[in-house]
Amino acid sequence: MATPTLTIDLDALRANWRALDTASGPEVRTAATVKADGYGLGIGPVARSLAEAGARQFFVALAEEGAALREILGPGPEIAVYSGHMPGDAEIIAGNGLIPMLNSVEQLTRHFEALPDHRFGIQIDSGMNRLGMEPAEWAAVAELALPRGPWLLQSHLACADEPAHAMNERQREVFEQLTEGLGVPRSLAATGGVLLGAAYHFEMTRPGIGLYGGAPFAEARPVIGLSIPVIQSREVEPGETVGYGNTWTAQRATRLATIAAGYADGIHRALSNRATLWAGDTPCPLVGRVSMDLITVDVTDLDEVPEALDLFGLHQGVDDVADLIETIGYEVLTGLGARYARRYVGGA
Ligand SMILES: *Cc1c(COP(=O)(O)O)cnc(C)c1O
């Protein structure tokens, strides 16, 4: 078969959760952020594995993701929704026991009117200006919200992947001032915040990317491998060109392998003439343009044409590939297409 195999190592995923859990004190709960289908790796096996590792709190972006997750995890674990309580969400929130993180006075009003006795959390903006109540809004509604016993007060760091950035401390101070002494559990840290140290941990952390093996968690175990079958190979003479637009010209007698993945599978076209594929320990340059379903690779230096070449594996992770095209591992991971055969190893 020509279908590439995306291998997801659930042991590594669990080890990464445990490592991030250990990075904060025993009194700090370590949740798991599993939005966008578990960062593209498949929310079912991902969430079941994390629950098995010990995660009891899960965060998703959308109420619909929360409903799917409830189906997967059953009644026990707590599932919170970053986008809060949107119009029309009351039924799905109530029916699945989801906890909306309320982001505005409008959402708070909507929630209290539709589901007065249903749990909620509150997201406060401490400077990122993306989601959450402004400090003044929070000040205006705190007296109304606090007697109802919020599940969590949270905020999100804009620059946590840069430990020396002054924004981290500034946001921490703002969050501290807005939430101190209220007796409500607090959360500020995603993966980057966990690594910033105890001052950032509060009562709960919410890592995502580090679980999946991505930066800034440098010690993470790699979670994914990607092996792409060779469909055909050929010899080209010096001076011959390869692929759409003739963007690569052979400088020597070259053996080429054409492999079965392309930009429709999330292998960005910007990687044309830039990426490296691996045959075991031997690097093989991607040559020419990445097309929709196909990539051409220079395998001249191999003794024989392999059955498949690896894009992700021990020699190259998602961040290495992301760096080549000035993006981040998050985008590479969540962009991986639906066509791969997903093989889960390590048991769920
Ligand atoms: C996505 C997200 C997280 C997880 O962030 P990572 O950097 O992947 O660890 C945590 N909190 C919020 C609000 C998010 O949107």
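Helices here are DSSP runs of H or I with at least four residues, strands are runs of E with at least two, and both are numbered from the N terminus. One such helix, α2 (residues 35-39), holds Ala36. The structure is a predicted model, in which local features need pLDDT of at least 70 and side-chain atom pairs count only at pLDDT 80 or more, while totals for chains, interfaces and linings use all residues. Residues are numbered from 1 along each chain as its sequence is written, and side-chain values use heavy atoms, leaving out hydrogens and water.

Back to Ala36: its phi is near 50°, a positive value in a residue other than glycine. A second backbone feature turns up at Pro216, where the peptide bond coming from Ala215 is cis, with omega near 10°. Pro216 sits in the loop between β10 (204-205) and β11 (224-236). For context, most residues other than glycine have a negative phi, and most peptide bonds are trans.

On the broader scale, the protein chain splits into domain 1 (10-212) and domain 2 (224-345), with bounds that come from an automatic or database domain assignment. Their C-alpha centres are 37 Å apart. Domain 1 brings 10 residues to the contact and domain 2 brings eight, contact meaning heavy atoms within 4.5 Å. Together the two domains bury about 840 Å², with carbon and sulfur atoms giving 67% of that; buried area is the accessible area (1.4 Å probe) that two parts lose on being put together, summed over both. On the domain 1 side, Tyr39, Leu41 and Ile209 supply 52% of the area buried against domain 2, more than any other three residues.

Now for the helix pairs, starting with α1 (residues 10-22) and α3 (residues 43-53). These two pack at an angle of about 50°, and their axes are 9 Å apart. Axes are lines fitted to C-alpha atoms, for helices over the stretch in contact, and angles run from 0 to 180 degrees between N-to-C directions. α1 is therefore oblique to α3, given that angles under 35 degrees count as roughly parallel, over 145 as roughly antiparallel, 65 to 115 as roughly perpendicular and the rest as oblique. The crossing of α1 past α3 is right-handed, a label used if the near helix is turned clockwise from the far one by less than a right angle, with anticlockwise giving left-handed. From α1, Leu10, Leu13, Arg14, Trp17 and Arg18 meet Pro45, Val46, Ser49, Leu50, Glu52 and Ala53 of α3. By class, that contact has seven nonpolar, one polar and three charged residues. Ala, Val, Leu, Ile, Met, Phe, Trp, Tyr, Cys and Pro count as nonpolar, Asp, Glu, Lys and Arg as charged, and the others, Gly among them, as polar.

α3 also packs against α4 (residues 63-73), at about 55° and with the axes 10 Å apart. That makes α3 oblique to α4, and the crossing is right-handed. Ile43, Gly44, Ala47, Arg48 and Ala51 of α3 make the contact with Leu69, Ile72 and Leu73 of α4. Six of these residues are nonpolar, one is polar and one is charged.

The pair α6 (residues 105-114) and α7 (residues 135-145) has axes that come within 11 Å and cross at roughly 20°. α6 and α7 are therefore roughly parallel to each other, and their crossing is left-handed. Val105, Leu108 and Phe112 of α6 meet Glu137, Val141, Leu144 and Ala145 of α7. This contact has six nonpolar, no polar and one charged residues.
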